[in-house]
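I opened the structure and kept notes as I went. The entries follow in the order of looking.

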Amino acid sequence: MEAIHGGHRLHVHLCLLFNMFVRSGYVPDLFMNSVIIPLVKCKRGKLSDVNNYRAIAISSAISKLSESVLSVFIKSEDYFDCYQFGFTAGCSTSLCTSVFKHTVDYYRLRGSHVFVSFLDFSKAFDKLSYWKLFHKLLDDNVDVGTVRLLAYWYSNQQACIRWHNCLSQFFTLGNGTRQGGVLSPWLFARYIRDLLAAVAVSNVGCNIGGTFINILAYADDIVLIAPSWHGLQHLLDIVVQHSKAIDMSLNTQKSVCMVFPPQDRSKVVSSSFKPVSVGRPTQLLQYVPTFWDT
């Protein structure tokens with residue numbers, strides 16, 4: 001019974017083990033291994049397309065327990081976390097959607113167009129740079145020993161792929177968060193926090209009651225909201241600049257824009273607008289009449 005549900009003895013041994021990990025900055029090789037299972041993103045898409053799969057990492061129970069303990073010591077809170085609805089207690093996609101709809105309706109009812117851009121990042125979770133992440137943790141005054149442990153763990157972790165009943169050889173993961181890991185959601189949210197903050201403090205975009213609602217994020221899905229074309233273009237320029245600083249890049253094939261006209265048709269300025277642009281070389285984002293994320 002104790003082996004299944006644990007007990008006082010198990011607590012003591014795990015406590016000693018985890019403290020040794022932090023003090024030595026080391027974890028055993030088997031502790032760092034994980035099995036990656038590819039899951040189809042869109043069953044209506046091409047099953048032969050590697051981009052149509054999401055990799056979920058399965059780790060040992062003790063490894064997940066260790067991550068849960070570490071999370072207590074590395075998590076930090078910031079005002080700009082209110083723009084991130086993913087990986088946040090008490091938040092959901094429906095709440096994020098409600099804020100978006102309320103903001104759009106607020107401006108439309110007052111005779112304004114609303115320009116929106118739905119952004120998709122290429123392999124956002126897989127391109128996360130460990131060392132830039134660890135520097136952010138140090139900036140949050142996270143204990144150096146804890147960051148050193150994470151640095152060793154993440155730079156030496158290995159994984160294999162399981163496809164049906166077959167396993168590949170183990171290989172080293174050089175960057176990215178393990179989707180399925182206990183720490184991964186929070187680490188990713190912390191990684192892009194500065195990007196969200198840069199947009200939020202730009203004083204450009206939609207504003208309700210003195211609060212700028214110009215960017216909303218759910219994990220790596222981001223939407224920009226502005227009452228003018230120039231405002232949206234400015235917000236996009238900020239996102240491109242700060243995404244480069246953290247080695248992330250926009251997928252212009254999946255990033256799109258929409259324009260919501262004023263509810264009062266007499267205040268409609270135009271039925272068509274020129275596309276906004278991103279990056280160098282310049283790429284244009286297309287307008288669409290409807291949008292749903294796959």
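**Loop residue with positive phi**

I began with Asn-203, which sits in the loop between α9 and β7 (207-208). The model is a predicted one, and I read each value as computed from it. I looked up the backbone of Asn-203 and found a positive phi of about 60°, although Asn-203 is not a glycine. Most residues other than glycine have a negative phi. Is Asn-203 buried or exposed? Asn-203 is exposed, with a relative accessible area of 56%.

I then looked up Ala-219, which also is not a glycine and has a positive phi of about 60°. Ala-219 lies in the loop between β9 (215-218) and β10 (221-226). At 9% relative accessibility, I noted Ala-219 as buried.

**The chain as a whole**

I next looked up the totals. The chain has 10 helices and 13 strands. Its C-alpha atoms fill a box of roughly 75 × 45 × 40 Å along the principal axes. Of the 294 residues, 44% are buried. The exposed area of the chain is about 16200 Å², and carbon and sulfur atoms supply 58% of that area.

I also checked how contacts are spread along the sequence. Among contacts with a separation of 6 or more, 72% are between residues 24 or more positions apart.

For charges, I found 27 positive and 20 negative in the chain, with mean positions 6 Å apart.

**Salt bridges**

How many salt bridges does a search of the whole structure find? The search returns 5. Side chains of opposite charge can pair when their charged atoms come close.

I took the pair Lys-132 and Asp-247 to start with; their closest N and O atoms are 3.1 Å apart. Lys-132 is in helix α6 (residues 130-139) and Asp-247 is in the loop between α10 (229-245) and β11 (256-260), so this salt bridge ties together parts that are 115 residues apart in sequence. Both ends came out as partly exposed: Lys-132 has a relative accessible area of 31%, and Asp-247 has 37%.

I moved on to Asp-140 and Arg-190, a salt bridge with its closest N and O atoms 2.7 Å apart. Asp-140 lies in the loop between α6 and α7 (144-156), while Arg-190 belongs to helix α8 (residues 184-191), so the pair ties together parts that are 50 residues apart in sequence. I looked up the cover on each partner. Asp-140 is partly exposed at 24% relative accessible area, whereas Arg-190 is buried at 5%.

Arg-190 has a further salt bridge, to Asp-194, at 3.8 Å from N to O. Asp-194 counts as partly exposed, with 35% relative accessibility. I noted that these pairs belong to a network of salt bridges linking Lys-136, Asp-140, Arg-190 and Asp-194.

**Helix α8**

With Arg-190 placed in α8, I looked up the rest of that helix. α8 is mostly covered, with 7 of its 8 residues buried. The buried residues are Ser-184, Trp-186, Leu-187, Phe-188, Ala-189, Arg-190 and Tyr-191. What covers the buried residues of α8? The cover includes α4 (61-74), α6, α7 and α9 (193-200).

**Nonpolar cores**

My last search was for nonpolar cores. The largest has 63 residues, and those with the most contacts inside it are Phe-134, Ile-222 and Leu-224. α10 gives the most to this core, with 7 residues.

Which residues is Ile-222 in contact with, leaving aside its neighbours within four places in sequence? I listed Ser-117, Phe-118, Leu-119, Phe-121, Leu-195, Leu-196, Ile-215, Leu-216 and Ala-217.

There is also a second, separate core, which has 17 residues. I wrote down Val-114, Phe-118, Ile-208 and Phe-260 as being among them. Phe-118 thus appears twice in my notes: as a member of the second core and as a contact of Ile-222.

Terms used:
Residues numbered from 1 in each chain as written. Predicted model: local features only at pLDDT ≥ 70, side-chain atom pairs only at ≥ 80, totals over all residues. Heavy atoms only, no water. Helix = DSSP H or I, 4+ residues; strand = E, 2+ residues; numbered from the N terminus. Buried < 20%, exposed > 50% of the residue type's maximum accessible area, 1.4 Å probe, protein only. Contact = heavy atoms within 4.5 Å. Areas by Shrake-Rupley, 256 points an atom, 1.4 Å probe, with all protein chains shown as cover. Lys, Arg positive; Asp, Glu negative; His and termini not counted. Charge placed at Lys NZ, Arg CZ, Asp CG, Glu CD. Salt bridge = Lys/Arg side-chain N within 4 Å of Asp/Glu carboxyl O. Core = buried A, V, L, I, M, F, W, Y, C linked by side-chain atoms within 4.5 Å.
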